[in-house]
Amino acid sequence: MELSQSADGQTFTAVVRAELPSSFLDIGTDWLVDKRFAGVTARFYRLTFEPQGGGGQTMQIAELDLMPPAGPEPIDPDSIVDLTGRTQWQAPTGDWTLLRLGYTPIGKKNHPATEFGIGLECDKLSRTALEHHFRDGIDPLLRELGPLVGSSMRYSLIDSYECGEQNWTANLPAEFASRRGYSLAAWLPALTGRQVASAARSQRFEQDFRRTVADLWNANYYGAFADLCHARGLKSSAEAYGCRLFDELRAGGLSDMPMSEFWLGNLDDGGISKQAASEAHTYGRPIVGAEAFTSGDAYNFDPAGMKAQGDAMFAAGVNRYYFHSSAGQPDPSRNGPGMVWGNGIHLTRNLTWFEQSRSWLTYLARCEYLLQAGQSQVDLLALQQDDSRPGRNLPAAWDHDSIDPYLLRDALRVVDGRLVLPSGATYRVLVLPEAPLAVATLRRVAELARAGAAVFGPRPTQALGLTDYPACDAEVAGLAAELWGNIDGAKVIRHDVGRGRVYWTGSAARVQPMLDDLRLPPDLITTSPDDGLRWIHRRNAEADWYFVANPDRRRLTTTCVFRQTGRRPELWQAETGQRRPAPAWHPLPDGRTAVTMTFDPTQSWFVVFPRAAAPADGHLTDIVCQTPRPRHDIVIKSAVYAAIDGTGASIDLTAKVAPTLAAGEALARVGNETAGVDPSPFHVKQLRLEYVLDGQPGVSVFRENDRVRLPEREPADDLPDWDLTLDDRGQPRLTAWRDGQWQLHRPAGPPLTRRASVPEPLTLDGPWTVRFDPRWGGPAEALTFDRLTDWTQRPEDGVRYYSGTAVYEARFDLPAEWVRGPLCLDLGGLSNLAEVALNGRDLGVVWKAPWRVDLAGVATPGRNRLTVRVTNQWTNRLIGDRRLPEAQRLAKTSHYPYEATSPLQPSGLFGPVRVRAGVVVR
C-alpha cells in the first residue's frame, strides 16, 4: 500500500509505503494500518494498493486518517502518572490530559450457527475462556459420540478467523511485563496515536505490543485448542489466517493439520495454501488440508473447470482436499439437488455427475497419496515476522518455505552446511526479511552462520521492539558488523562468518548472484519460460518425484530440466494410473537431467527419479517436431469481464487485453487485477472474448484467473500430433496421429529424420439416437439428432432445460487395417462429462480435454456400436423450473440461485466426433 502526494493531481510522489496486515484480506473482519512519516503539505493525496500474491481483492475502507503529530514535543514516559486503582489524586500545577482507557468485548457472535447456538465469541487471549467454551460447546457433542471419538470423529477445526480483531484481555499488562521486560502503563498513550518518548520509540513499543498479543493468541487460543483436543483423543486443525494480530505460521504449526482454503476460480489463493504447507513442512505435520473449491456461485463447476486450480493448490503444497461443501442428504429418493449450502460445489450424491466423478476423484486420490508420501524438498527458508513476507520475491525455480521466529530460535540447526529442522525438512539458505529483528532472533542467526549456514538478507540497523533499550540496539549493531562485515549490496555481496556465509545484493528480488556463488542450480526450469508450469518436489529413501502441472488449455511440449543426476526418469500419470519410463531424456554436463515432456491441456505428470538402478533402454535424448505451427491473424472485437451467473457489473477490458492477444501472446491470467476491481465479490467471473481469427468470427470464454491466448486451442490440440513411448523391449515407439516430420535425437549417432502420412479420420456426422430421462423433463421417446448440437439450441423445452444424463448412440464401419494399429476416439467437445462404451464394452469416463478414448484392441472390423453417456450440471433444470409454478418444478433444493431469465449453460455432445487411426513410425 502506498500513500502519495501531488500538487496538480497528475504527477504523484510517494510519501510512505506500508505492508498490508496479512496475506489474506479478511472476510467480515477489520484491520488497521498505522504508519508514521514526516509531515507533508499537498493539494492531492492518493492511496494505492498492490494486490497481494498477484491476485485482486475487494476492500471497503472505513477511514483514512492523516493525523498531524499530537504535539510539538513527545510525551516523556516518566511524566505519565498511572491513576489505576486510585480514588483521589492531587494534580500538580500545570495543564494535564486525563486519558481513560478501558476494554470491552468486540461484540462479534459466532457464525454460521443455529439460533440455539449463537453467542458472543470467547476471549481468544484467555486459556480459561477457551476451556469454558470447549467444555460447554464441544464436550456435549463428544459425550454423544462416545467411542466414535478418535475414530470416525478424528479432528476438530478452527475455521479461517472472521470474528474481528481482539487486542486486549484482563491480564494483558502482566503478560506484557513478563514477556517484554518493562511495564505497559507508561506507553499506553502511544496506542491512541500520541508520541511517547519519540515517534520511533512509540513505533517500537507498538511492535512489542503486537508481539505480546500474538504470543497470547498462539499460546491461549491455537495452542490451547490443540491441547484440549489431544486431552480428548482428538487431533486439531486450523485455518490460521484472517486476522493480523496473531502469528499465522506459528498458529497453524501448533495444530496437527494446518489448513488453507481456496475459492473456485481463484488460483491466487495458492498464497494461503503455500503458507499452510510451510507450517506443515517446518513443524513436521504430514497433512496439508484445504477447504477446497469454496464458491459464491451455484452450479457453474465441473471437474474439467476445477482441474487447473486444483493442480495449482497441489503444487502449492496442499495434499488433502476438504470439499466445500458436502451436505448429508436426508432424502433417499435423490430429489436433487437436495439440501445444499449457498457456497461451494455441493459434492453430494445428488449432483447430476456424481457417479461419473469417480474418475476425477480417483485422480485426486492418486495425487494426494504421492504428495503425502516422503518429505518436501525445498531450498530456501524465509523468516516471516510481523507480516513481512520475503517469499514474494523469491524465484520460482527454487522452492521456498517460511518459518516463524520462535521455531527458528528453538529448533533450527545446521548439519553439513544445510539448515535442518526436527521435522526432517532441510534447506540451503535462510532468507531474512527487510525489517528489524528481535535480538534473540539475530543471535540465533549468528549462531547458525558460524555453524555453516548460508544467510541472505539486509543488514539490520536496530532491534525489534524496546526490550532492553538502548542496549538492544548496541547488540544488534555488534552482531550486524560480525555477520555483514563490509557488504554494500553492490560491489561486495558476501561475507564469510565462521563456516558460513552471509549475502546481500541490495534487493530481495536479486538473489541470483547469491545462488550462483553457492553453486545451487534451479531445482526445475523449462525451455518455455512463459509456460506457467506449477510444480512441487518430494523425496523418500527410494526416489525423488516432482508433480508438474500445465495450467493452460493448450497442449505444451517442452524440456523440463531437473536437479537430478544418475537416474533414469519415469513418467507417472495420475489420471490413468499408468507408469512408464520417460522415452526422451538426457543428462546435462552440470549433473542435471533434461526430460522432453508433452502436456495435454491442463494435464499434470509425476516425474519420478528412482534411486535404484534401472535396466538400460533405447530412449531418445530429444524429439523435435519439424511440422510448422500455423501463424494467425487475430482481431479482438470485445473483451467483457463479468460474473458467470450475471451478478454485478460487467467490465469492458477490450483496450487492456486486445494488443497482447492480437500479437499472439498470452495473458498470464485474467482476473480482478486486470479489471482493477472485483465486479461481483464471491462469484466466479469469466472473460468473454469476441474476435475474428483468420477471417472467421469466434467467441471464447475464459474463467477468472485462466491463462488467456488465442486461438484458445489449436486444431491440433484436439489430439496430439504424435505420442512417444517405449515398447516392451525398451525401444522408442513414435505414433503419428497427423501428417508430419520429426527429428529423433539419440544418445549416440546422428539424429534421425522420420516422416509419416496418416489416414484421414472418420467423422461420425450422424444420425445419432439420443435418449433423455423423462424424470428430469426429457422427452419420453428417443430423439434423432441429424447433427450434434448444444441442447440449449434445441426447440424442445425438455431438452433446452434438461439436466442429467443423455445417452447418444451411433454406428460406424472400420476398415480391417485400422483395427490392427493404433486407434482412438476423439469426441471433440462436450459438457460436462462422458462415459464411453464401444460394442458394449465400458471404456471409462472422460472428464477433461482432450476428450479422447483409446480404442486399440476394442474396435472390430466392419460395424461398431458407439455409446456415449453425456452428463451436464444442474443449472439448466433449475432455470427451467423457475419458469414453472412451484408445484410443477422437477428439481428439489434448499437453494435456488437462478432466475427464469438466467443464461443457460451449453450442454451435450458438441463434437465433431472422429475415429482416428495412428501410424507407428519405424
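The legends below describe close-up views of one predicted model. Residues are numbered from 1 along each chain as its sequence is written, and side-chain values use heavy atoms, with hydrogens and water left out. Because the model is predicted, local features need pLDDT of at least 70 and side-chain atom pairs count only at pLDDT 80 or more, whereas totals for chains, interfaces and linings use all residues.

**View 1. An open sheet of four strands, with a helix lying across part of it.**
The strands follow the order 31-30-32-33 with antiparallel pairing, where helices (H or I, at least four residues) and strands (E, at least two) are DSSP runs numbered from the N terminus, and two strands pair if DSSP finds at least two bridges between them. Strand 31 (651-652) and strand 33 (696-703) are the edge strands, each pairing on one side only. Strand 32 (residues 685-693) pairs with strand 33 over eight bridges in the antiparallel sense, and Glu 690 stands opposite Val 699 in strand 33. Helix 13 (residues 654-662) lies across strand 30 (634-643), strand 31 and strand 32, and runs at about 135 degrees to strand 30; the axes behind this angle are lines fitted to C-alpha atoms, for helices over the stretch in contact, and angles run from 0 to 180 degrees between N-to-C directions.

**View 2. The surroundings of Val 288, in the loop between helix 6 (270-283) and strand 7 (289-294).**
At 1% relative accessibility, Val 288 counts as buried, a term that means under 20% relative accessible area, while exposed means over 50% and partly exposed lies in between (1.4 Å probe, protein chains only). Leaving aside neighbours within four places in sequence, Val 288 is in contact (heavy atoms within 4.5 Å) with Pro 258, Ala 276, Ala 277, Ala 280, Gly 317, Val 318, Asn 319 and Arg 320. The C-alpha atoms of Val 288 and Pro 258 are separated by 5.6 Å, although the two residues are 30 residues apart along the chain.

**View 3. Helix 17 (residues 875-882), which is mostly covered.**
Seven of the eight residues of helix 17 are buried, namely Thr 875, Asn 876, Arg 877, Leu 878, Ile 879, Gly 880 and Asp 881. These buried residues pack against strand 9 (337-338), helix 15 (797-800) and strand 48 (892-893).

**View 4. Backbone geometry in four loops.**
Most residues other than glycine have a negative phi, and most peptide bonds are trans. Gly 766 and Pro 767, however, are joined by a cis peptide bond with omega of about 0 degrees, and Pro 767 is placed in the loop between strand 38 (762-763) and strand 39 (768-771). The bond from Ser 831 to Asn 832 is also cis, with omega near 15 degrees, and Asn 832 is found in the loop between strand 43 (830-831) and strand 44 (833-838). His 346, which is not a glycine, has a positive phi of about 50 degrees; this residue is found in the loop between strand 9 and helix 8 (358-372) and, at 2% relative accessibility, counts as buried. Asp 468 has a positive phi near 60 degrees and lies in the loop between strand 17 (454-456) and helix 11 (471-484), but at 54% relative accessibility Asp 468 counts as exposed.

**View 5. The aromatic pair of Phe 785 and Tyr 808.**
A search of the whole structure finds 39 aromatic pairs, where rings of Phe, Tyr and Trp (its six-membered ring) pair if their centres lie within 6.5 Å, and planes under 30 degrees apart count as stacked, over 60 as edge-to-face and the rest as tilted. Phe 785 and Tyr 808 form an edge-to-face pair, at 6.1 Å centre to centre and with 90 degrees between the planes. Phe 785 lies in strand 40 (residues 783-785) and Tyr 808 in strand 41 (residues 805-814), so the pair ties together parts that are 23 residues apart in sequence. Both Phe 785 and Tyr 808 are buried.

**View 6. Two cysteines, Cys 367 and Cys 625, in a structure that holds zero disulfides.**
A disulfide is taken here as a pair of cysteine sulfur atoms within 2.5 Å. For Cys 367, the nearest cysteine sulfur is that of Cys 560, 16 Å away, and Cys 367 is buried, with a relative accessible area of 0%. The sulfur of Cys 625 is 17 Å from the closest cysteine sulfur, in Cys 824, which is too far for a bond; at 29% relative accessibility, Cys 625 counts as partly exposed.
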